[in-house]
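User: Could you walk me through one part of this model closely, and then show me how its surroundings are put together? I work at the bench, so plain language is welcome.

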Amino acid sequence: MDKEILDFFNTDLQFIHGVGPVLASKFNDVLDGRRVLDFLLHAPSYVRPREILDSVTNAQPGDTITISLMVKSHKRGGMFRGRRLPTQIICNDKFAAPVTIQFFNVNYLDYWTEKLPVGQWRIVSGRLDFSNKNGAIINHPEFIETPENAYKIPKHQAIYPSGEGLTQKTFSNIRDQIFNIIHERITAHVLSDRMLEFLDALEHVHYPETNDDLAPNGIYMAKLAYCELLAHQTAIAINRRNRKTLKNQRPVRAKKYDLLDKFYEILPFHLTGAQQRTIDEIFADFKKPVPMMRLVQGDVGSGKTMVAMAAAVKMAETGAQTVLLAPTDTLAQQHFNKLAPLCEKLGLVCDVLTGRDKGAGRNQKLISLKSGRTKIAIGTHALFSDDVEYKDLGLVIIDEQHRFGVAQRNAMRAKGNNPDMLALSATPIPRTLSMTIYGDMDISIINEKPAGRIPIKTSKIPVLRTNDLIERIAPQIENGAKVFWVCPLVSESEISDMTAAQSRYEELNKRFSHVGLCHGQMDKKERDKVMAEFANPDSDMRILVSTTVIEVGIDVPSATIMVIENAERFGLAALHQLRGRVGRGALQSYCILLYGNNITPDGLKRLDVLCETEDGFVIAEQDLMMRGVGELLGTKQSGWIQYHFVNYREHRDLFRLAQTAAMNNNSDDENWAAQLRQIFDCAVTAGA
């Protein structure tokens with residue numbers, strides 16, 4: 001039965017013959033786990049052919065070859081000018097072409113000479129090199145076998161991503177043992193057809209004959225990808241169903257006050273059609289007994305914050321409280337500065353709570369939250385600290401949602417009685433990825449920008465013309481323009497030619513007065529102080545040299561120029577976020593992409609995409625197609641799914657198929673999906 005196999009999957013690798021705890025710990029570093037299952041989900045990267053050749057004549061340097069050789073003589077390595085020479089085994093192939101086998105490790109000389117006795121044929125497999133003196137050379141061959149044992153050298157060797165202390169022979173030996181045990185279990189027990197099909201696909205992937213077998217659209221890789229997607233999509237579907245159960249429902253809140261019309265009246269602008277449509281969708285969710293789980297996706301500057309504010313005002317009409325959770329102190333303070341004046345005009349108490357709040361000041365804020373006086377609280381993770389209590393938390397708004405993990409979101413939700421949750425994201429994500437990352441949420445898209453925003457003019461120039469650029473923008477700086485100047489490094493690096501923020505700051509400081517410097521290695525208070533000074537329209541600071549710490553969290557409407565050095569080193573999504581720091585006012589803004597001398601054709605293509613469009617969703621789609629998912633959100637994000645077999649670019653159709661199947665599961669399908677969730681560790685956490 002299938003349970004027998006699932007139990008075996010969870011066996012610690014140390015109990016596989018020849019492994020033990022030391023080797024298992026090394027596998028843990030590579031596999032991010034040490035179970036049999038972790039090994040099985042670790043697919044080979046490529047296939048190394050090792051079919052036996054008769055001669056080295058047609059082989060190229062660097063090729064991995066397997067060849068029959070006649071051992072002619074041994075030449076033990078001695079000392080020469082203080083250096084130990086390698087031991088050489090002189091051989092001929094079947095056409096008498098000379099081949100030298102070399103060994104450098106003196107501890108095993110007797111072992112190797114015994115493995116390669118003079119006058120005997122041996123099958124040798126390894127990397128071929130050439131030298132003017134010795135001709136064809138194989139250094140430290142990976143396989144040495146007698147002709148009758150040639151079968152021990154795989155014709156098609158699967159090469160696994162490995163780590164320190166793990167050889168490919170170790171991988172293949174453990175793989176063979178695991179599949180031998182699986183075959184024994186299959187013989188001894190009756191397994192479902194689906195499990196047999198799944199195991200067959202796993203086996204073909206671990207014993208590939210060509211690289212096509214490991215291609216994303218190969219029949220077996222695609223089958224495993226579908227299983228993995230079905231596991232995740234089923235977990236998401238269960239999440240959605242769980243949210244609608246009685247235990248997760250809450251009463252629909254009744255309106256007590258009239259605030260929304262006044263909110264619309266005091267806004268100094270008209271909402272866009274996309275903003276109003278999104279607000280209507282949120283308000284419709286408020287009328288349901290099921291807590292809202294909605295993601296608002298909108299490009300930089302599309303007006304997500306005002307949509308969130310409208311939701312908070314609507315919640316305040318019922319007397320309930322709202323929290324707005326931001327990833328940084330700076331962004332929290334920025335939201336507070338923008339929203340507090342609106343709240344004051346509406347008669348709503350708005351407060352900000354971050355890790356900086358201490359002592360009596362913090363206690364007063366906690367009392368106001370607990371009493372219900374504070375209707376809108378803005379802050380960081382401090383908002384869900386143990387000592388923070390709310391009288392009636394009705395709405396949780398999470399800004400830059402991908403920066404918060406499941407545990408943090410659940411901790412915030414636990415502060416109320418099934419509060420509504422609204423997530424905001426300025427990182428446009430193609431639909432394929434949205435189905436995966438946010439599949440358990442309803443999605444609203446704000447695809448319009450507020451009226452009056454002038455498109456940013458984006459151009460690319462080589463870094464060699466940096467001095468020309470400085471002279472070109474100098475008159476604008478002297479006339480009051482503010483400039484972001486972004487560098488990829490903090491300080492100079494001996495192993496990189498990327499520009500350092502520190503050295504660029506020093507150079508610009510010689511040319512202009514009052515240049516600011518901001519990077520992640522600075523003291524947080526000092527960094528925030530520099531950002532605040534640059535954001536102040538009355539400040540004399542005209543240039544802020546920075547690393548990507550300004551990507552999110554600083555709003556300077558008066559900034560009109562963004563310079564990004566070594567722009568080819570950034571992903572498109574990151575470049576788009578950085579560009580979004582300008583163009584937030586009524587003046588024409590510019591983004592200049594400085595690229596290095598070694599830029600690749602793909603790098604130029606990425607910069608061209610940015611120069612051609614400001615549409616974040618188009619840019620995200622191009623980023624996905626050109627660089628893959630790893631660059632879309634930058635480094636690993638909280639809640640991001642790390643797939644084993646799924647390729648986001650190649651398996652788009654499978655996403656839809658898996659989602660449909662997960663939503664329409666019958667009892668048999670549900671049993672199989674449950675097993676897949678166990679295999680792929682897809683835990684179901686309501687509302688995660």
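Analyst: Lys482 of strand β20 has Ala559 of β23 as its bridge partner. This is a predicted model, so please read each value below as computed from predicted coordinates. The pairing of β20 with β23 is parallel and is made of five bridges. On β20 there is also a pairing with β22, again in the parallel sense, over four bridges. Within that second pairing, Trp485 has Val545 of β22 as its bridge partner.

How enclosed is β20 by the rest of the structure? Five of its five residues are buried, so the strand is largely enclosed. The side chains can be sorted by direction: Lys482, Phe484 and Val486 point one way, while Val483 and Trp485 point the other way. Residues on both of these faces are buried, Lys482 and Trp485 among them.

Now let us widen the view to the sheet that holds β20. Six strands make up this open sheet, and reading across it gives the order β19-β24-β23-β20-β22-β21, with parallel pairing. Which strands stand at its edges? They are β19, covering residues 457-462, and β21, covering 515-518. Each of these has a single partner strand, so one side of each has no neighbour in the sheet. From one strand to the next, the turn averages 20 degrees when direction is ignored.

The β21 edge is worth a look of its own. Here β21 is joined to β22, residues 543-546, by four bridges, and the two strands run parallel. Val515 stands opposite Ile543 of β22 in this pairing.

What lies across the sheet? Helix α18, residues 572-579, lies across β19, β20, β23 and β24. In residue numbers, β20 is 482-486, β23 is 559-564 and β24 is 590-595. The helix runs at about 150 degrees to β23.

Following the chain on from this helix brings us to Ser589, in the loop between α18 and β24. Is Ser589 buried or exposed? Its relative accessible area is 1%, which means that it counts as buried. A polar atom of the Ser589 side chain lies 3.0 Å from the backbone nitrogen of Gly583. Leaving aside residues up to four places away in sequence, Ser589 touches Pro455, Ile456, Lys457, Ala559, Thr560, Val582 and Gly583. One name in that list ties back to where we began: Ala559 touches Ser589 and is the bridge partner of Lys482.

For comparison, here is a second sheet elsewhere in the model. This open sheet has seven strands in the order β14-β15-β13-β16-β17-β12-β18, and the pairing is parallel. Its edge strands are β14, residues 349-353, and β18, residues 442-446; each has a single partner strand, so one side of each is left without a neighbour in the sheet. Neighbouring strands here are turned against each other by 20 degrees on average, again with direction ignored. At the β14 edge, five bridges connect β14 with β15, residues 374-379, and these strands run parallel. In that pairing, Val349 has Thr374 of β15 as its bridge partner. Helix α9, residues 273-286, packs on this sheet and touches β12, β16, β17 and β18. The direction of α9 makes about 160 degrees with that of β18.

A third region mixes both senses of pairing around β3, residues 64-75. With β2, residues 52-53, β3 runs parallel over two bridges, and Leu53 stands opposite Ile67. With β8, residues 121-131, β3 pairs in the antiparallel sense over seven bridges, and Ser68 has Ile123 as its bridge partner. With β6, residues 87-92, β3 runs antiparallel over five bridges, and Lys75 stands opposite Gln88.

Finally, a helix pair. The axes of α5, residues 168-188, and α6, residues 193-206, come within 12 Å and cross at roughly 160 degrees. That angle makes the two helices roughly antiparallel, and their crossing is left-handed. On the α5 side, the residues that meet α6 include Phe179, Ile182 and Ile186; on the α6 side, Leu196, Leu199 and Leu202 are among their counterparts.

Note on methods: Residues are numbered from 1 along each chain as its sequence is written. This is a predicted model: local features need pLDDT of at least 70, side-chain atom pairs count only at pLDDT 80 or more; totals for chains, interfaces and linings use all residues. Side-chain values use heavy atoms; hydrogens and water are left out. Two strands pair if DSSP finds at least two bridges between them. Axes are lines fitted to C-alpha atoms, for helices over the stretch in contact, and angles run from 0 to 180 degrees between N-to-C directions. Contact means heavy atoms within 4.5 Å. Buried means under 20% relative accessible area, exposed over 50%, partly exposed in between (1.4 Å probe, protein chains only). A polar contact is a pair of N or O atoms within 3.5 Å; within protein, one must be able to donate a hydrogen and the other to accept it, and residues adjacent in sequence count only if both atoms are side-chain atoms. Angles under 35 degrees count as roughly parallel, over 145 as roughly antiparallel, 65 to 115 as roughly perpendicular and the rest as oblique. A crossing is left-handed if the near helix is turned anticlockwise from the far one by less than a right angle, and right-handed if clockwise.
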